[in-house]
Amino acid sequence: MSGNAALGRGVLGAYGAPSFAQAFIHGPAISVLQGIYAKFFGLSLQEIAFVILISRIFDAVNDPIVGFLSDRYRARHGTRKPWLLAGSLIAVIACWFLYVPGGEVTMWSFLFRYLLADIGWTVSEVPYSAWLAEISDDYEERARITTWRSMGRFLGLQAFFGLPIALQSITGSTEFTPETLRWAAGLAAVALLGTALVATLVVPNGRRREKSSAGGGGSSSLMDAGHAVAGNRPLLSFTAMFAIGGLGAGIGSGLSFFYIDGYLQLGEQLSVVMIISIPISLVATPVWGTLCRRFGKQQAWAVGYVGAGVASLSYYFIGPGENAALLLITALLVVNALIVVEAVAAPAVLADVVDYGRLRFRDDHAGSYFAFYAMVQKINVGIGAALGLLIAGTFGFDATVTTQSASGRFGLLLAFSLLPAAFLCIAAMWIWRFPIDRRRHAVIIAAIERRAAREVEP
């Protein structure tokens, strides 16, 4: 298949399908897991913050190694598909132990289970993400691919947050509880393995890997991969702007359960609130995809970040009361409709950075680049969540009580509303000026094609 050929909807749907299952199995970890371990298993906010922080440090080693090894595997075998299948199997097993802990739950048992799940997620998701840069070389087509992938992701989140409602006749509650996580782990096992199999059977491997300057057809050493990361200035710029905005989002996401359940006292309505607010992301995703193709990916990304930052300030002014649920849903609708631009634009922009790396280093380091991206993404979520928990805990927020002190409320709102708004707006200014736009990407692809033509001439 030509790198610039338009992809059929069947291929796009098959590629996006694993993102549905990945979002479903990630749902607890990015939203309610911290709250459940604190509320039902008795871990302190400081202990949970420590576990998340250590797991992100672990990712700093784990992600680059998986990215490098998947690059070498593709160089030799022309595919990344076995990584998606193997990682999905590891994730299914690991998440059962994480979401359905047996015996006494301690900080150390939580840490071990979390690290095991991290391994499964990384082995499957880093090569899967890198794959998108190889399916198509076209600037606009990549926005289509990430649009379908993002829609799969939000459908997965919708399915997870709808789980308590679907299980109400069994559990007798619409709250997220350990029983909810048990069902989530079981259903995720079927979805993750099934969608990974569909993707491997339907989606092409992508363009053939070009011959490297070393003559080996792939990264010859970990040092080469490290040089290709450290020496790629657009990649470092992308990382910086993504890290700033992602840190703000990470701080907020780690405290969402505490804000909704512990502060607004809407624990019973949490599932309903999320189900109502998430569909806007599905509606907004193709809109942002169209805007990315028409106006440029980084321009759309910057505008969405500014809007999401401003909208995040509304959380500060919502308090417990009869109108809390309505106001919260309204705020979530606006924020979700705007922040979703990142899921469409960021991986598509990074795929363009991969092409710059192909031109500069004469080799394809997509796995290493997307591993670096995944590492920063996890660090954002982990450090952001840990920082948010530490700020809220330091100011006196207590997840076990229904009435918070004034200091505790301020600490929670500072971390959940004010800081994310500031980080998102700062990142937007950087994103707007990102150097690889549509015109410069066309120049990069043309240069790669000219070089390839010269190398095949007799």
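**Exercise 1. Work out which secondary structure elements the protein has.**

Go through the DSSP runs, taking H or I runs of at least four residues as helices and E runs of at least two as strands. You end up with 20 helices and zero strands. Keep in mind that this is a predicted model, where local features need pLDDT of at least 70, side-chain atom pairs count only at pLDDT 80 or more, and totals for chains, interfaces and linings use all residues. Residues are numbered from 1 along each chain as its sequence is written, and side-chain values use heavy atoms, with hydrogens and water left out.

**Exercise 2. Check the radius of gyration against the globule rule.**

Start with the rule: 2.2 Å times the number of residues to the power 0.38, with the radius taken over C-alpha atoms. For 458 residues, a compact globule would come out near 23 Å; the protein has 22 Å, so the two agree. Next, look at the spans of the C-alpha trace along the principal axes: about 80 × 45 × 40 Å. Then turn to contacts, meaning heavy atoms within 4.5 Å. Of those with a separation of 6 or more, 84% link residues 24 or more positions apart.

**Exercise 3. Explain why Cys292 has no disulfide partner.**

First, the bond itself: a disulfide is a covalent bond between the sulfur atoms of two cysteines. Here the cut-off is a pair of cysteine sulfur atoms within 2.5 Å. The closest cysteine sulfur to that of Cys292 belongs to Cys425, 18 Å away, which is too far for a bond. Across the structure, the disulfide count is zero. Finally, Cys292 is buried (under 20% relative accessible area, 1.4 Å probe, protein chains only), at 0%. Cys95 is buried too, at 1%.

Notes: Buried < 20%, exposed > 50% of the residue type's maximum accessible area, 1.4 Å probe, protein only.
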